[in-house]
Amino acid sequence: MDSKAFKDLLFELNRLEQKVHQMDDLKRELANEVDRQINRKATILSGLFSVLLIYVYSVEFSTLFKDEAIHVSFFASFLQMFLIGFIAWGFGMFLKVVFTELWSKDKIPGGRKSITAHTKAKFAAKEKVILIEIDQILSQELIVNSHLPYQYLNTRSLNYLIDVSNRQDLDSVDAAIQLLELEIRNPKAHRYLLPDEDLITYAKRMTALQLNK
């Protein structure tokens with residue numbers, strides 16, 4: 001591979017990284033939207049139970065809405081309503097936590113899986129476009145026929161190979177790879193230059209999982 005081929009490959013890998021990041025961002029956006037819907041449902045339902053508790057207490061147990069209310073002082077009336085309001089608020093907060101937990105773990109109907117399936121339709125069009133673009137990049141001859149191992153097909157490793165090739169006027173890809181392999185023996189350099197999972201494998205796994213659904 002000459003310098004131009006290296007740069008062309010780097011350009012395509014940059015595009016691929018951008019698309020993979022877009023796909024990851026879309027997944028996070030979907031997860032956040034599902035969490036918001038679960039939180040909203042839990043807030044509404046727990047709020048309704050709190051209101052119901054106040055109503056039942058007011059009708060069945062409180063003297064505030066009965067004839068004897070005229071014999072109750074303002075302070076006593078205020079204290080009754082404050083206490084029942086505080087209890088209802090605490091009860092509502094407790095129920096919100098319970099409902100959020102149950103829906104998040106699909107312990108009751110209408111949980112995370114159901115909400116995700118319903119919400120995912122809103123993201124389907126964006127997801128499909130990104131996946132097709134990723135698949136097109138992966139199918140390019142420049143990537144398919146690259147002589148570089150997959151683990152080095154990322155922008156940081158490739159930038160390093162281009163840099164050492166230019167600085168040391170290397171005449172082969174193998175010579176540049178040998179220098180890279182020496183460099184990544186350093187733990188810090190290894191963490192910087194090599195991702196936990198190489199970009200190509202990650203992108204292929206992503207498209208395979210999503211397109212086969």
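Is T155 buried or exposed? In this predicted model, T155 has a relative accessibility of 10% and therefore counts as buried, the cut-off for that class being under 20% relative accessible area. The residue is found in helix α5, which covers residues 155-168. When residues up to four places away in sequence are not counted, T155 touches L10, L13, N14 and E17. With E17, one of these residues, T155 also shares a polar contact between side chains, at a distance of 3.0 Å.

The chain as a whole has 8 helices and 0 strands, so that, read from the N terminus on, its elements follow the order α-α-α-α-α-α-α-α. Of its 213 residues, 34% count as buried. Among the contacts in the chain with a separation of 6 or more, 74% are accounted for by residues that lie 24 or more positions apart. The surface exposed by the chain amounts to about 13700 Å², and carbon and sulfur atoms supply 60% of this area.

On that surface, a nonpolar patch of about 850 Å² is made by F78, L79, F82, L83, F86, I87, W89 and M93. M93, one of the residues of this patch, lies in helix α2, which spans residues 74-104. M93 has a relative accessible area of 42% and is therefore classed as partly exposed, since this value falls between the limits of 20% for buried and 50% for exposed residues. By contrast with the partly exposed M93, F86 and W89 are both exposed. These two aromatic residues, which also contribute to the patch, both lie in helix α2 and are 3 residues apart, a spacing of about one turn of the helix.

Aromatic contacts were then considered for the structure as a whole, and a search of it finds 4 aromatic pairs. In the case of F86 and W89, the ring centres are 5.9 Å apart and the planes stand at 35°, so the pair is tilted; the angle lies between the limit of 30 degrees, under which planes count as stacked, and that of 60, over which they count as edge-to-face. Elsewhere in the description of aromatic residues, F49, F99 and W103 form one aromatic cluster.

Terms used
Residues numbered from 1 in each chain as written. Predicted model: local features only at pLDDT ≥ 70, side-chain atom pairs only at ≥ 80, totals over all residues. Heavy atoms only, no water. Patch = residues over 30% accessible without salt bridge, like charges linked within 9 Å, V, L, I, M, F, W, Y side chains within 5 Å. Areas by Shrake-Rupley, 256 points an atom, 1.4 Å probe, with all protein chains shown as cover. Salt bridge = Lys/Arg side-chain N within 4 Å of Asp/Glu carboxyl O. Helix = DSSP H or I, 4+ residues; strand = E, 2+ residues; numbered from the N terminus. Buried < 20%, exposed > 50% of the residue type's maximum accessible area, 1.4 Å probe, protein only. Polar contact = N/O pair within 3.5 Å; in protein donor to acceptor, adjacent residues only side chain to side chain. Contact = heavy atoms within 4.5 Å. Phe/Tyr/Trp six-rings, centres within 6.5 Å; stacked < 30°, edge-to-face > 60°.
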